[in-house]
Amino acid sequence: MSFKVNLKVNGKEHVLEVPAHERLVDTLRYRLGLTSVKEGCGRGECGTCIVLVNGLPRHSCLTLTATLDGAEVLTLEGLAPEGKLHAIQLAYLETRGVQCGFCTPGFMMMTKALLDTHPEPHQEQVKEWLSSVLCRCGSYHYYFAAAKLAAKYIKEGKIYFDEKQVREKYHMKVIGR
Amino acid sequence: MKIEDGKVRIGATTTLYEISRTFLHSDVRFAGFVDTWKKFGTLAIRFSATIGGNVVAGTQYSDYATLLLAYNANVKAVSSRGERSIPLEKFILDKRITDLRPDELVKEVEFAIPPQGSSSSFVKFDRRELLIAGIITGAFFLTLEEGKIRDVKIAFDMVKGKRAPARSHEVEGFLLGKTFSEDLIEKAAEEVLPTYMERITDWWTTAEYRLDMSKVALRRGLLKCKTRIEKGVI
Amino acid sequence: MSKPDYVQIVEEMFTKTKDKPTKEFTYLGKHVVRWDAISKITGKPLFTADMINLFKNAVFVHSVRSKYAHAKIKKIDYSEALKYPGVLKVITARDIPGINDVGYVLPDQPLLADRKVRFIGDTVALIVAESLENARDAGELVNVDYEPLPVYTDVLQVMDLNGLTEKEHVLIHDERGSDVLSRYKIRVGDVEKAFKEASVVVENKYRTPMQEHAYLEPEAAIAIPEPDGSVTIYAKTQCPFDTRKAVSNVLGLPFNMVRVVAPALGGGFGGAEDVGNEIAAKAALAALALKRTAVVLHTREESIIGHTKRHPMVAKYRHAASKDGTLLAVDADIVLDTGAYASLGPFVGWRAVVHSTGPYKVRNARVDLAVVYTNRVPAGAFRGFGNPQVTFAVERQMDLLAEELGMDPVEFRLKNILRNGDRTVHGQLLDHGVGLEDAIKRALEISGWSEKRKLYSTLKGPARRGIGIALMYHGNSIGAEGADFSTVSLIIQRDGSIIFRTGLTDMGQGSLQGLVNIAAEILGVPPSYFKIEPPDTAATPDAGPTVASRSTAMGGNATLVAAYKIRQRLNKLAAEMLGCVSPEDVVIEAPKVYCKDQPDHHITWKELIEQTFWKGIPIQEFGYYRAPPAEWHEETGTGQPYFTYTFGAVVSDVEVDIETGLTKVVEATVVYDIGRVVNRTGAEHHGVGGYIQGMGYALMEDTVHSENGHVYSTSFSTYHIPTGLDIPERINVDFVEAGFIRGPFGAKGLGEPSIVAIAPSIVNAIAHAIGSKQANRLLNRIPATPDFVRGVLKRAGLAR
């Protein structure tokens with residue numbers, strides 16, 4: 001049995017026809033090509049599938065798309081407008097914690113949810129929210145720092161950055177210490 | 001979620017996140033809710049997890065069921081035949097078996113607002129901090145009046161004869177009315193609890209360790225309640 | 001005998017720069033933003049499964065796994081499965097066109113089980129269907145007639161620890177006639193005499209668990225049948241060339257008809273070494289059979305039961321020391337459980353025996369090591385590769401010896417560690433490049449060892465603190481496992497941009513950035529001029545496998561050689577163009593190129609490159625580096641097993657709850673001698689990430705099997721890896737640079753060394769926290785879970 005679902009994803013309206021058992025992670029990855037959303041476990045344990053549904057974090061691997069008629073979904077691809085990077089993305093870049101990158105979208109989405117709810121989070125909140133995602137390469141410390149840096153940028157009103165300029169400034173460049 | 005006739009009523013589809021935004025996370029009489037929240041899955045799951053879901057699951061890992069037992073909660077179930085109220089204790093029959101009939105839905109849980117001088121705690125720990133089942137879990141509720149135990153409710157993830165969350169009435173009976181002291185709690189843990197607690201050895205750990213930790217949980221859980229009552233903060 | 005030119009070049013670069021401090025280099029040892037960082041933070045489709053969308057009309061392959069951990073197969077009936085909607089084909093052993101084997105080191109592992117199954121993850125059939133869902137459901141309908149056999153889930157059921165003799169049992173590999181896969185030994189000096197003369201003897205048994213890689217990306221492979229009958233495969237593999245070999249073998253095709261491309265890997269840690277071969281072969285079989293793109297995609301559960309693990313170890317160690325703290329002898333019996341198939345077992349066993357006595361001067365040693373089959377999930381490569389296991393035992397022994405002798409554990413170690421000019425237990429002379437003592441000194445300084453060691457001993461509450469140290473060394477690259485060479489292609493384009501190709505993969509470790517840093521440093525151009533191409537057997541040279549902490553050491557040398565040769569040619573041309581006194585005077589600081597003493601008279605990099613086209617000077621180079629062949633005498637365990645060693649010291653500061661046995665690491669310090677820091681960001685990542693993964697090994701991880709060989713821990717909630725709330729407040733990372741003459745600018749590897757000494761440092765710290773001689777001896781096992789530590793406290797009479 002199919003369900004008609006009106007789903008707004010990253011600001012764009014979609015009208016989808018999905019079977020009852022289709023998971024949001026599959027809708028996003030395979031119907032809509034939003035591959036930043038990962039499936040690391042399929043059981044809501046690793047956090048790599050986390051997206052924002054109506055502003056709150058959800059494990060897309062545990063969500064049935066058919067239940068989301070009228071909902072708004074945000075993935076990493078929609079964090080910033082075309083040609084721009086979000087402060088969160090810049091912060092994750094500058095704190096140089098990215099290793100294999102598989103868990104990174106999940107961390108960034110939790111960071112977005114955290115900063116939307118607590119714009120000036122203290123360390124305990126950063127750790128609690130971001131620990132929803134597992135990282136085997138061991139970048140936790142770096143990602144906690146990234147969230148704090150992103151909070152600082154947003155507080156200073158620096159929310160979007162020009163992607164081209166960021167590439168110029170950072171791609172394979174020497175930074176930091 | 002609402003307060004009505006001296007009772008707290010929580011709708012079945014209330015998420016743990018929604019609960020965290022209410023007085024249940026700031027009033028010391030409900031402190032155990034904060035403990036349970038902190039150890040439930042990871043934070044992200046708490047936006048989707050519901051009270052009703054935890055109650056009908058009826059497993060040892062249904063942490064909020066264990067906590068609500070310590071509040072002597074009732075479950076309200078609805079069907080085309082009407083509405084009925086069952087004590088949570090009687091609702092959870094055994095591992096994954098509840099009293100919910102095939103045509104019923106859980107509507108809400110409710111429990112009486114505790115008096116002043118009360119608090120609660122929830123003890124859960126494992127090999128790591130998060131995403132854990134818990135070696136054991138224990139929920140503790142205490143009301144003190146001039147140092148005496150006016151009310152005490154204790155629930156564990158399992159007890160003797162039931163592999164699902166249940167109350168430890170015998171331990172409660174031993175403690176009720178007595179003056180709170182560390183020696184009293186020690187006695188309850190070492191001498192009374194083991195008679196009514198049965199633990200299991202499985203691939204994760206041993207019955208011996210689980211029993212020892214149940215004692216440790218009883219001690220730490222009740223002491224935490226007392227400190228919270230005295231300090232008035234979570 | 002004259003040295004090959006590539007060795008001369010590497011040695012020349014080392015000698016010229018060995019006294020130059022790392023901070024004076026432009027790119028070496030700096031934080032350079034890695035080439036794929038921006039792609040990753042923008043969420044680009046970099047991983048294998050992200051590419052599924054690019055292929056229309058794909059078919060999906062599901063592996064039907066065994067119901068038993070050990071059984072004979074009488075019959076496979078898949079007729080019902082074939083009728084299931086969406087199912088296109090069912091493939092079994094009979095349908096394999098080439099050789100039904102994916103054994104990594106020796107041919108003991110069928111791709112599809114034929115005669116028998118040996119562990120729960122053995123694949124008996126492949127269902128190929130229009131959707132993964134259909135394939136999985138149809139898998140339930142495959143009927144296999146099994147004759148169950150006894151299941152062995154502990155290595156001591158198959159082998160006796162005393163004498164390492166094989167026990168009577170129903171052979172798992174009856175075709176081999178024995179379930180002992182490999183045996184290694186060390187026979188040096190006179191061990192019996194040393195034990196007679198010893199003042200102190202410490203004997204203990206040790207156990208380490210079967211650690212799971214738990215990388216976040218589950219395995220995936222996509223195979224595309226090409227019009228010319230060849231097949232192109234995108235797969236999660238660390239070693240595309242080994243994958244190609246395995247697939248060619250299974251398909252019965254020559255190497256050049258199989259193309260393997262490795263996209264970005266979401267973590268590897270050695271776990272994507274042989275499973276990559278298996279999934280690629282499965283996808284390729286389906287693709288060629290159905291002439292459609294075929295996808296293999298694992299769930300987390302399939303990943304856990306379907307790929308190789310860390311070898312569990314059971315060992316008995318005896319150490320002898322003299323009263324003044326000199327280590328006299330080491331005597332050990334070690335058994336490694338390789339699970340149902342060999343995988344990299346023979347190599348893991350060898351590395352384990354080589355490192356079995358630790359980074360110390362040992363004049364007398366008797367070590368026997370056996371690698372043995374059981375019906376558990378096969379064990380293969382995992383960061384450290386046998387060394388974390390033996391180092392756990394050795395470093396615990398060292399602490400116990402120190403206690404017996406009444407010596408401080410650091411003092412005792414310092415008396416025995418290897419230094420420049422010493423010989424290893426194998427008789428190998430280390431005439432330079434041993435930075436262990438400096439690493440220890442830095443670690444002690446940074447961690448506050450002395451004060452804490454004293455202070456913590458005085459604390460007596462329910463929350464105890466402890467500080468512990470462990471040392472390690474780790475041979476770089478593959479040693480005597482095979483021919484050790486690496487290659488890169490450095491191709492400067494006509495406009496001055498550069499293409500960099502190598503067969504080394506990236507699984508997050510970032511060593512490719514280090515290679516680019518080396519090339520950038522030598523050529524004088526910024527790393528941003530480089531583009532790194534993905535490893536591709538059709539387009540990048542075979543650089544050897546991405547394993548054994550060899551990418552920087554070996555790939556780095558190949559890169560150095562290529563860049564050096566190009567630079568020589570560019571220098572000559574530039575000197576002509578600019579009128580420099582000699583080519584040596586040419587300075588390239590792209591975009592500027594000038595003579596050393598005339599910085600204002602310059603040409604641009606682009607102009608220089610353009611001239612090479614007109615002058616016919618080649619500006620592409622194939623870099624090749626081959627390590628000197630290792631020397632290993634089987635009968636004595638002596639020779640030169642590795643060309644160089646990375647050294648390290650790890651200090652862990654822990655808090656132990658005496659009532660529950662729960663241990664938390666409060667702070668950690670790791671200092672590694674890596675010769676020369678080439679990629680500072682990557683090196684720090686390893687220090688931190690390696691600690692966290694080692695902490696999991698020490699405190700919470702084990703792949704637990706039931707008696708029947710089924711795996712209990714098949715999810716992230718049942719297999720515990722450290723979460724963000726488990727990490728210590730701070731992990732201090734520092735490096736010592738005792739350069740090795742045949743490393744690129746003296747550099748050595750860090751991929752594996754960064755996990756080797758973590759577990760013993762933590763358990764040594766727990767012992768310190770507990771402060772009991774009896775407990776110290778009982779702490780002989782990891783993971784040191786709360787119940788285990790509590791059990792130790794109870795047995796030592798310390799629990800209430």
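Q: How many residue pairs are in polar contact across the interface of chain B and chain C?
A: The rule finds 13, with both residues of a pair at pLDDT 80 or more. On the chain B side, helix 8 (residues 207–231) gives the most to the surface touching chain C, seven residues. That side divides into nine nonpolar, two polar and nine charged residues. A polar contact is a pair of N or O atoms within 3.5 Å; within protein, one must be able to donate a hydrogen and the other to accept it, and residues adjacent in sequence count only if both atoms are side-chain atoms. Helices (H or I, at least four residues) and strands (E, at least two) are DSSP runs, numbered from the N terminus. Ala, Val, Leu, Ile, Met, Phe, Trp, Tyr, Cys and Pro count as nonpolar, Asp, Glu, Lys and Arg as charged, and the others, Gly among them, as polar.

Q: What kind of model is this?
A: It's a predicted model: local features need pLDDT of at least 70 and side-chain atom pairs count only at pLDDT 80 or more, while totals for chains, interfaces and linings use all residues. Residues are numbered from 1 along each chain as its sequence is written, chains are lettered from A and ligands numbered from 1 in the order in which they are written, and side-chain values use heavy atoms, with hydrogens and water left out.

Q: What makes the meeting of B:Glu129 and C:Lys664 a salt bridge?
A: A salt bridge needs a side-chain nitrogen of Lys or Arg within 4 Å of a carboxyl oxygen of Asp or Glu. Here N to O is 2.5 Å, so the pair qualifies. The count between chain B and chain C is seven salt bridges.

Q: How much area is buried between chain B and chain C?
A: About 2100 Å², with carbon and sulfur atoms giving 56%. B:Arg127, B:Arg128 and B:Trp203 supply 37% of what chain B buries against chain C, more than any other three residues. Buried area is the accessible area (1.4 Å probe) that two parts lose on being put together, summed over both.

Q: And how much area is buried between chain C and chain A?
A: About 4800 Å², of which 61% comes from carbon and sulfur atoms. C:Ile38, C:Ile41 and C:Leu216 supply 16% of the area chain C buries against chain A, more than any other three residues. The contact (heavy atoms within 4.5 Å) takes 66 residues from chain C and 49 from chain A.

Q: Why do the side chains of C:Glu729 and A:Lys127 count as a salt bridge?
A: N to O is 3.2 Å, which is within the limit, so the pair counts. Across the interface of chain C and chain A the rule finds four salt bridges.

Q: Why is the pair C:Cys580 and C:Cys595 called a disulfide?
A: The definition asks for two cysteine sulfur atoms within 2.5 Å. S to S is 2.0 Å, so the pair passes. A search of the whole structure finds one disulfide over all chains.

Q: What makes the disulfide of C:Cys580 and C:Cys595 left- or right-handed?
A: The torsion about the S-S bond is about -90 degrees, so the disulfide is left-handed.

Q: How do you know that A:Cys135 is not bonded to A:Cys103?
A: The closest cysteine sulfur to that of A:Cys135 is in A:Cys103, 3.9 Å away, which is too far for a bond.

Q: Why is A:Cys135 called buried?
A: Buried means under 20% relative accessible area, exposed over 50%, partly exposed in between (1.4 Å probe, protein chains only). A:Cys135 has 5%, so A:Cys135 is buried. A:Cys61, at 6%, counts as buried too.

Q: Is C:Asn416 buried or exposed, and how do you know that?
A: C:Asn416 has a relative accessible area of 2%, so C:Asn416 is buried. C:Asn416 lies in helix 11 (residues 409–416) of chain C. The side chain of C:Asn416 reaches the backbone oxygen of C:Gly325 at 2.9 Å and the backbone nitrogen of C:Leu327 at 2.7 Å.

Q: What makes the side chains of C:Thr308 and C:Asp274 a polar contact?
A: Their distance is 3.2 Å, so the pair is within the cut-off. C:Thr308 is found in the loop between helix 8 (300–306) and strand 13 (313–321) of chain C, and is buried, with a relative accessible area of 7%.
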